[in-house]
Each structure stands twice: as structure tokens, then as C-alpha cells.
Amino acid sequence: MSDRTTGERPPGTPSQRALGAMELAVRRARERTGVVTGAGNSEQDTQPVSVAPPPDDPPTPPRPSALPAPPWAGPPSPPGARDESGRREHWLAISVAVVAVLVVGAGIALAVTAGGGGQQGAAPPAAAPTTAPHLGTTPATHHPAAHRPATKGRGGGAARSSTTTSTAPPATPGGPPVIASLSPASAAAGQGIVVDGSNFLSSNGQIVATFNGQVAPTSCPAATTCTVTVPPMSGSSSAQVIITTASGASNAVTFTYS
């Protein structure tokens with residue numbers, strides 16, 4: 001018996017609903033692809049539809065892995081040799097930079113030295129003239145001169161004043177002054193006498209002559225001579241003359257008032 005009469009279908013056979021759904025799907029697919037189907041025919045005519053294959057993309061040419069080396073480059077070096085060459089170039093660049101810094105520093109030092117030498121070689125400005133240290137003066141004090149009649153000698157002329165000469169100690173360079181003689185050794189107050197000796201100079205420019213401690217106006221035009229104005233007599237008719245400088249006091253020489 002057939003399956004229709006018995007109403008049973010073999011296992012694995014699709015049902016009528018499934019067949020209808022499959023037929024509907026086939027129709028829709030054919031309509032989309034342009035196949036014309038008959039309205040009431042059970043058998044459908046089909047026309048083959050040619051489908052052009054999609055165009056293939058043009059083949060991509062192979063890219064070179066690296067540019068060809070020039071003929072003068074020689075054979076390629078191994079990786080270790082390249083690293084060593086890079087290190088040498090690095091140290092060479094550092095050495096060149098250090099040498100450049102040293103050269104610049106040496107140039108600056110030479111320029112500074114040349115500038116300093118030029119300033120040191122310039123002549124110093126001329127110093128202002130100063131008074132010689134041995135020329136010392138003391139302020140003059142005016143004393144009334146004692147006018148006394150001159151003593152006449154046997155010939156009727158005026159008697160000359162004597163010169164006192166002392167045994168002076170040896171003079172030491174840069175030491176205290178030394179009085180050798182007084183000319184005249186006897187005079188009246190207010191008169192001038194000449195004191196001869198040595199070391200009549202002073203570092204501070206002050207030279208003072210005293211008669212028994214009484215300051216007398218003094219002027220020393222040279223280191224070996226001084227002109228002193230006799231001060232007024234104070235009690236005694238004789239006085240000890242001493243000249244004092246910055247180096248010390250001289251020996252004492254006796255002076256007599258006339």
C-alpha cells in the first residue's frame with residue numbers, strides 16, 4: 001500500500017506544511033534572481049541565469065625588502081661589527097667636543113693674560129713732588145733782640161765770636177742727629193747761628209732745636225747744616241743746644257749768651 005492510503009509517511013519525510021514553505025522560499029528566490037514562473041502550472045520553466053564572477057583585484061607587486069647596496073659599499077658587515085663602529089663614532093664625537101672646549105678655554109685665558117699684561121706694563125702716573133724729609137722747620141717766634149754795644153778789642157775793632165767745636169760721636173745712617181759745631185758759639189737772643197753736623201733729617205719732616213729745653217726756630221736746608229734763631233736767655237748765661245728728629249735727640253753742645 002502507498003503512503004497516501006495508509007496515511008502514514010516514512011520517517012524523515014517532510015510534512016506538507018514544510019514542503020509548502022520550501023516551495024514559497026524557492027519562488028521568492030527565483031523572483032529575486034529574475035526567473036519567470038507560470039501562474040497555474042505545476043511544472044515551472046526555468047531559464048539559466050548567468051552570473052559573472054566578481055573581478056579579481058590586480059596582483060600586488062612584491063615590495064623589495066631593502067634598497068640595493070651601492071657597488072662601493074662592499075659586502076655587508078655582521079651585526080657585531082656595526083655596533084662596534086657605532087661606538088667608535090660616538091666616542092670620536094665626544095673627543096672632538098672635549099678638544100673644542102679646551103681650545104676655547106685656552107683662548108680665553110690667553111686673552112685675559114694679554115689684557116692684564118698690557119695694564120701692568122703701563123707707566124704709573126707721576127707722583128706729586130714732596131718735600132724732602134730732612135728739611136725740617138719749626139715755627140718762628142719773634143723775640144726782641146737784645147742790642148748790646150760791641151766789645152772793642154785792643155785795635156779798636158769789634159771782637160769776633162768764637163766757634164764751639166765738640167767731640168761728636170760717630171753718625172749712624174738713619175740714626176739720631178749729631179752736632180759737630182756751633183757758629184758762632186756766643187750770640188745774643190734773636191740772632192741766628194749755624195749748626196753743623198750730620199743726620200739733620202726726619203721722616204716726619206720736623207726738626208727741633210732747644211736751648212736748655214726752650215724751643216728755638218729751626219730751618220735745615222741740608223742734612224748737614226741747620227740755621228737756628230737764639231731764643232731769649234732764661235736764667236743762665238749758657239745753654240745746652242740739642243737738635244731732635246724722629247730718629248732721636250743729638251748730643252748737647254754748650255752755647256753762651258753774649
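**Figure 1. Cys226 is a buried residue, with a relative accessible area of 0%.** Buried here denotes under 20% relative accessible area, exposed over 50%, and partly exposed the range in between, with a 1.4 Å probe and protein chains only. The model is predicted: local features need pLDDT of at least 70 and side-chain atom pairs count only at pLDDT 80 or more, whereas totals for chains, interfaces and linings use all residues. Residues are numbered from 1 along each chain as its sequence is written, and side-chain values use heavy atoms, with hydrogens and water left out. Cys226 is joined to Cys220 in a disulfide (a pair of cysteine sulfur atoms within 2.5 Å), and their sulfur atoms lie 1.9 Å apart. The structure holds 1 such bond. The torsion about the S-S bond of Cys220 and Cys226 is about 100°, and the disulfide is therefore right-handed. Cys220 likewise counts as buried, at 2% relative accessibility.

**Figure 2. The largest nonpolar core of the model comprises 21 residues.** A core of this kind is a set of buried Ala, Val, Leu, Ile, Met, Phe, Trp, Tyr and Cys residues joined through side-chain atoms within 4.5 Å. The residues with the most contacts inside the core are Ile179, Val195, Phe211, Ile243 and Phe255. Two or more residues each are supplied by β2 (178-183), β4 (192-198), β5 (208-211), β8 (225-229), β9 (238-245) and β11 (253-257). Strands (E, at least two residues) and helices (H or I, at least four) are DSSP runs numbered from the N terminus. In soluble globular proteins, nonpolar side chains tend to be buried together.

**Figure 3. Val195 is shown with the residues that it touches.** A contact requires heavy atoms within 4.5 Å. When residues up to four places away in sequence are not counted, Val195 touches Ile179, Ser181, Leu182, Phe200, Thr224, Thr225, Cys226, Val228 and Ile243. Ile179 and Ile243 are, like Val195, among the residues with the most contacts inside the core. Cys226, also touched by Val195, is the disulfide partner of Cys220.

**Figure 4. Thr210 is a buried residue of strand β5.** The relative accessibility of Thr210 is 16%. With neighbours within four places in sequence left aside, Thr210 is in contact with Val215, Gln240, Val241 and Ile242. Strand β5 is also one of the elements that give two or more residues to the largest nonpolar core.

**Figure 5. Local backbone geometry is shown at Pro184, Asn199 and Asn212.** A cis peptide bond joins Ser183 and Pro184, with omega of about -5°. Pro184 belongs to the loop between β2 and β3 (186-187). Asn199, in the loop between β4 and β5, has a positive phi of about 60° although it is not a glycine. Asn212 likewise is not a glycine and has a positive phi, of about 55°; this residue lies in the loop between β5 and β6 (214-216). Asn199 is buried, at a relative accessible area of 11%, whereas Asn212 is partly exposed, at 44%.

**Figure 6. Arg27 and Glu23 form a salt bridge within helix α2 (residues 16-33).** The term denotes a side-chain nitrogen of Lys or Arg within 4 Å of a carboxyl oxygen of Asp or Glu. The closest N and O atoms of Arg27 and Glu23 are 3.1 Å apart. The two residues are separated by 4 positions, about one turn of the helix. Arg27 is partly exposed at 37% relative accessibility, and Glu23 is partly exposed at 42%. The structure holds 1 salt bridge.

**Figure 7. A nonpolar surface patch is formed by Trp91, Ile94, Val98 and Leu102.** Patches are made of residues with over 30% relative accessible area and no salt bridge, like charges being joined within 9 Å and nonpolar side chains (Val, Leu, Ile, Met, Phe, Trp, Tyr) within 5 Å. Together the four residues have about 420 Å² of accessible area, as given by the Shrake-Rupley method with a 1.4 Å probe, where for residues only the protein chains shown count as cover. Trp91 is located in helix α3 (residues 79-121) and is exposed, with a relative accessible area of 56%.

**Figure 8. The chain as a whole provides the context for the close-up views.** Its secondary structure comprises 3 helices and 11 strands, in the sequence order α-α-α-β-β-β-β-β-β-β-β-β-β-β. Of the 258 residues in the chain, 16% are buried. Among contacts with a separation of 6 or more, 56% are between residues 24 or more positions apart. The accessible surface of the chain is about 19200 Å², of which carbon and sulfur atoms account for 59%.
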